Amino acid sequence: MRWEPLLLIILMAGLSGLFILATGKKVHWLALLILAYFTGLAGIVFTPLSFSGTGVYIMPAGIGRVNLTHLDLFNLGFAENILMTIPIGLMIKWLLPKLSFLATAGFGVFVGGSIETIQYILSHHWLINRSSDINDVLANALGIIVGGIVMAIYYKVSVSRRQGRHTRALA
């Protein structure tokens, strides 16, 4: 029963991968890379598997814990959550380049809150023993903001380079 979320993740990823390969798009590698990222992310946050810095272990059955008040922003777990969600910020800014900084931050808080809420529900339904933590919400939001900023800087640099080439070509 505890492994049903993992089975659903694997099933959805497999069907999505088959769909990507069955369609005649030329960018299979990018779609498969994005699918692999989201599959790995779902496996990390929605299953009873836990990843420490050196290994993987199975968490015991339980309902997890909830932390809505204690802020602990300077630890390895906080940094890992930031790194884990930077690609989401990159993708959202790549898909919606005109999205404002405030909207990106709001999206980050929404995604972080959604992940923690789903973990809470799954922990109580399937006993996957995942904690719901305000620090994780903040770290996920910060990772999405950082990814959005990186993509915005990339767009700014690439536009200025194109304009520089265009002015040199006219001269």
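**Exercise 1. The loop after H4**

Task: Locate Asn 129 and Leu 127, then state the phi and the accessibility class of each residue.

Solution. Asn 129 sits in the loop between H4 and S4. The model is a predicted one, and the angles below are computed from its atoms.

Step 1. The phi of Asn 129 is near 60°, a positive value in a residue other than glycine.

Step 2. The relative accessibility of Asn 129 is 17%; buried means under 20%, so Asn 129 counts as buried.

Step 3. Leu 127 belongs to the loop between H4 and strand S4 (132-133). Its phi is positive too, about 55°, and Leu 127 comes just after H4.

Step 4. With a relative accessible area of 36%, Leu 127 is partly exposed.

**Exercise 2. The chain as a whole**

Task: Give the order of the secondary structure elements and describe the extent and burial of the chain.

Solution.

Step 1. The chain holds 5 helices and 4 strands. Read from the N terminus, the order is α-α-β-β-β-α-α-β-α.

Step 2. Along the principal axes, the C-alpha atoms fill a box of roughly 70 × 45 × 30 Å.

Step 3. Of the 171 residues in the chain, 35% are buried.

Step 4. Take the contacts between residues at least 6 apart in sequence: 78% of them join residues at least 24 apart.

**Exercise 3. Helix H1**

Task: Check the length of H1 against the expected span, then find how its buried residues are arranged and what they pack against.

Solution.

Step 1. H1 covers residues 4-22, which is 19 residues, and at 1.5 Å a residue it should span 27 Å. The C-alpha atoms at its ends are 27 Å apart, in agreement with that figure.

Step 2. Pro 5, Ile 9, Ala 13, Gly 17 and Ile 20 are the buried residues of H1. Viewed down the helix axis, they fall within an arc of 100°, so they line one face of H1.

Step 3. Leu 7, Leu 18, Phe 19 and Ala 22 are exposed on the other side of H1.

Step 4. The packing partners of the buried residues of H1 are helix H2 (28-45) and helix H4 (101-126).

**Exercise 4. Helices H2 and H4**

Task: Repeat the length check for H2 and H4 and list their buried residues.

Solution.

Step 1. For the 18 residues of H2, 1.5 Å a residue gives an expected span of 26 Å, and the end C-alpha atoms are 26 Å apart, which agrees.

Step 2. The buried set in H2 consists of Leu 35, Tyr 37, Leu 41, Ala 42, Gly 43 and Val 45. These residues pack against H1, H3 and H4.

Step 3. H4, with 26 residues, reaches 37 Å from its first C-alpha to its last, close to the expected 38 Å.

Step 4. Buried residues of H4 include Thr 104, Gly 108, Gly 112, Glu 116, Gln 119 and Trp 126.

**Exercise 5. Two pockets**

Task: Describe the largest and the second largest pocket by volume, lining elements and residue classes.

Solution.

Step 1. The largest pocket encloses about 750 Å³ of space. Its lining has 30 residues, and those nearest the centre are Gly 77, Glu 80, Asn 81, Arg 130 and Asp 136.

Step 2. Two or more lining residues come from each of H2, strand S1 (49-51), helix H3 (76-95), H4 and helix H5 (134-170). H3 gives the largest share, 6 residues.

Step 3. By class, the lining of the largest pocket has 10 nonpolar, 13 polar and 7 charged residues.

Step 4. The second largest pocket holds about 400 Å³. It is lined by 21 residues, with Ile 9, Phe 38, Leu 41, Ala 42 and Phe 46 closest to its centre.

Step 5. H1, H2, H3 and H4 each supply at least two residues of that lining. The lining of the second largest pocket divides into 20 nonpolar, 1 polar and no charged residues.

Step 6. Two of the central residues recur from the helix lists: Ile 9 is buried in H1, and Leu 41 is buried in H2.

**Exercise 6. Leu 49**

Task: Place Leu 49 in its element and list its contacts beyond four places in sequence.

Solution.

Step 1. Leu 49 is part of strand S1.

Step 2. Leu 6 is 43 residues away along the chain, yet the C-alpha atoms of Leu 49 and Leu 6 are separated by 9.3 Å.

Step 3. With neighbours within four places set aside, Leu 49 contacts Trp 3, Ile 44, Val 56, Tyr 57, Ile 58 and Arg 130. Arg 130 also appears among the residues nearest the centre of the largest pocket.

Methods:
Residues numbered from 1 in each chain as written. Predicted model: local features only at pLDDT ≥ 70, side-chain atom pairs only at ≥ 80, totals over all residues. Heavy atoms only, no water. Expected span 1.5 Å × (residues − 1). Buried < 20%, exposed > 50% of the residue type's maximum accessible area, 1.4 Å probe, protein only. Arc of directions from axis to C-beta. Contact = heavy atoms within 4.5 Å. 1 Å grid on protein atoms, 1.4 Å probe; cavity = no way out; pocket = protein on both sides within 12 Å on 5 of 7 lines; lining within 4 Å. Points joined across faces, edges and corners; volume = space filled by probe spheres on them. Nonpolar A, V, L, I, M, F, W, Y, C, P; charged D, E, K, R; others polar.
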